[in-house]
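Work through the exercises below with the structure open. Each task is followed by a stepwise solution.

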Amino acid sequence: MEKRALGNSGLTVPVVGMGTWSTFDVKGKAAEANAGAVVDRALESGATFFDSSPMYGESERVLGLALDGRRDAALVATKVWTPSVETGREQMRRALEHYDGRVDLYQIHNLVSWRGHLDTLERLRDEGTVAAIGATHYQAPAFEELQAVMRTGRITAIQIPYNPIQREVEDTVLPLAADLDLGVVVMRPFAERGLLRRMPTEAELAPLAAFGVRTWPQALLKWILSDPRCHVAIPATSKPHRMTENAAAGDPPWFGAAEREYVSRLAGR
Ligand SMILES: NC(=O)c1ccc[n+]([C@@H]2O[C@H](COP(=O)([O-])OP(=O)(O)OC[C@H]3O[C@@H](n4cnc5c(N)ncnc54)[C@H](OP(=O)(O)O)[C@@H]3O)[C@@H](O)[C@H]2O)c1
């Protein structure tokens, strides 16, 4: 698994990590054990960066449970998501409980009340319970505001969507992140399954075999990670074996322009 500096955040991340939206919003022994098995596979394969949020229901609790006794092996990213600064503090208190008293990357989810939350997060960073601060958004109309937050100099990482059918960040957000040396976490690598509805055939994937690509999800992850401005992609899965499959895309060699263009064409662009 290749590792990259997450911009100037001070964190070094594996290029493939894991998201938890919907997949870790579960309750009950069997479902929690399954989440634990997904985390087992992630840790075994070096995909040690995990993203969560209070917006994802049970995900912070279930991820915390899965990391019980092995928190040190992981980098945990989570988010604050509420218009209220007071409720935000409460969310942070709870998350810190789930994650053994520290969060590696604390992000402002969808930029909600970012000014107020930044003050609280900076205090936590100064106390040493938060290592780095970031901001996320999933919709292009918000990218102008995201760039304004990036320019404040108060965050060191962003989380944005990027895949062959969602490329709005390419001309604005990614160049600015590179200029400012900010970390880039890539959400929705499979466009929330939209890119998995029609999987290319084995014959169509054959030209990518020399890059270690065996499956279409691996081709999509390599497409993202072959852009050096991206540092970690966070596919979500509820299936332990898929975590191993996704993590395997984190090894070089990386695609050149021709292979990226080929994958874009297979994706229907
Ligand atoms: N505003 C924000 O901050 C924001 C917004 C959106 C997402 N995110 C973050 O980004 C993460 C990733 O985005 P996402 O969960 O929306 O979408 P995604 O990762 O693009 O797609 C997830 C879906 O792909 C399937 N999948 C994963 N690996 C697979 C494989 N190897 N083969 C076949 N299917 C596979 C999973 O189904 P199975 O469970 O059946 O494998 C899951 O339903 C989220 O979990 C969240 O942490 C953040």
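## Exercise 1: Place the ligand

Task: Find which pocket the ligand takes up.

Solution. The model is predicted.
- Step 1. Locate the ligand: its space is the largest pocket.
- Step 2. Size that pocket: the largest pocket holds about 780 Å³ of space.
- Step 3. Look to its centre. The lining has 33 residues, and the closest to the centre are Trp-21, Arg-188, Glu-192, Arg-193 and Ala-236.
- Step 4. Sort the lining by class: 14 residues are nonpolar, eleven polar and eight charged.
- Step 5. Check the elements. H9 contributes the most to this lining, with three residues.

## Exercise 2: Describe the shell and its polar contacts

Task: Identify which residues come nearest to the ligand, then find the polar side-chain atoms of Tyr-56 and Asn-246 that face its nitrogen atoms.

Solution.
- Step 1. List the nearest residues. The ligand has 30 residues around it, and Asp-51, Asn-110, Thr-237, Ser-238 and Lys-239 come nearest.
- Step 2. Divide the shell by class: twelve residues are nonpolar, ten polar and eight charged.
- Step 3. Find the top contributor. Helix H9, residues 240-247, gives three residues to the shell, the most of any element.
- Step 4. Apply the cut-off: a polar contact pairs N or O atoms within 3.5 Å.
- Step 5. Start with oxygen. A side-chain N or O atom of Asp-51 is 2.7 Å from a ligand oxygen.
- Step 6. Turn to nitrogen. A polar side-chain atom of Asn-246 lies 2.9 Å from a ligand nitrogen. For Tyr-56, the distance from a polar side-chain atom to a ligand nitrogen is 3.3 Å.
- Step 7. Add the cover. On its own the ligand has 900 Å² of accessible area, and the protein covers 94% of it.

## Exercise 3: Inspect the backbone

Task: Where is Asn-110 found, and which peptide bond is cis?

Solution.
- Step 1. Recall the background. Most residues other than glycine have a negative phi, and most peptide bonds are trans.
- Step 2. Take Asn-110. Its phi is positive, about 55 degrees, although Asn-110 is not a glycine.
- Step 3. Place Asn-110 in the loop between strand E5 (103-108) and helix H4 (114-127). Asn-110 is also among the residues that come nearest to the ligand.
- Step 4. Take the peptide bond from Pro-252 to Pro-253: this bond is cis, with omega near 5 degrees.
- Step 5. Place Pro-253 in the loop between H9 and helix H10 (257-266).

Notes:
Residues numbered from 1 in each chain as written. Predicted model: local features only at pLDDT ≥ 70, side-chain atom pairs only at ≥ 80, totals over all residues. Heavy atoms only, no water. Near = heavy atom within 4 Å. Polar contact = N/O pair within 3.5 Å; in protein donor to acceptor, adjacent residues only side chain to side chain. Areas by Shrake-Rupley, 256 points an atom, 1.4 Å probe, with all protein chains shown as cover. 1 Å grid on protein atoms, 1.4 Å probe; cavity = no way out; pocket = protein on both sides within 12 Å on 5 of 7 lines; lining within 4 Å. Sits in = over half its atoms within 2 Å of the grid points. Helix = DSSP H or I, 4+ residues; strand = E, 2+ residues; numbered from the N terminus. Nonpolar A, V, L, I, M, F, W, Y, C, P; charged D, E, K, R; others polar. Points joined across faces, edges and corners; volume = space filled by probe spheres on them.
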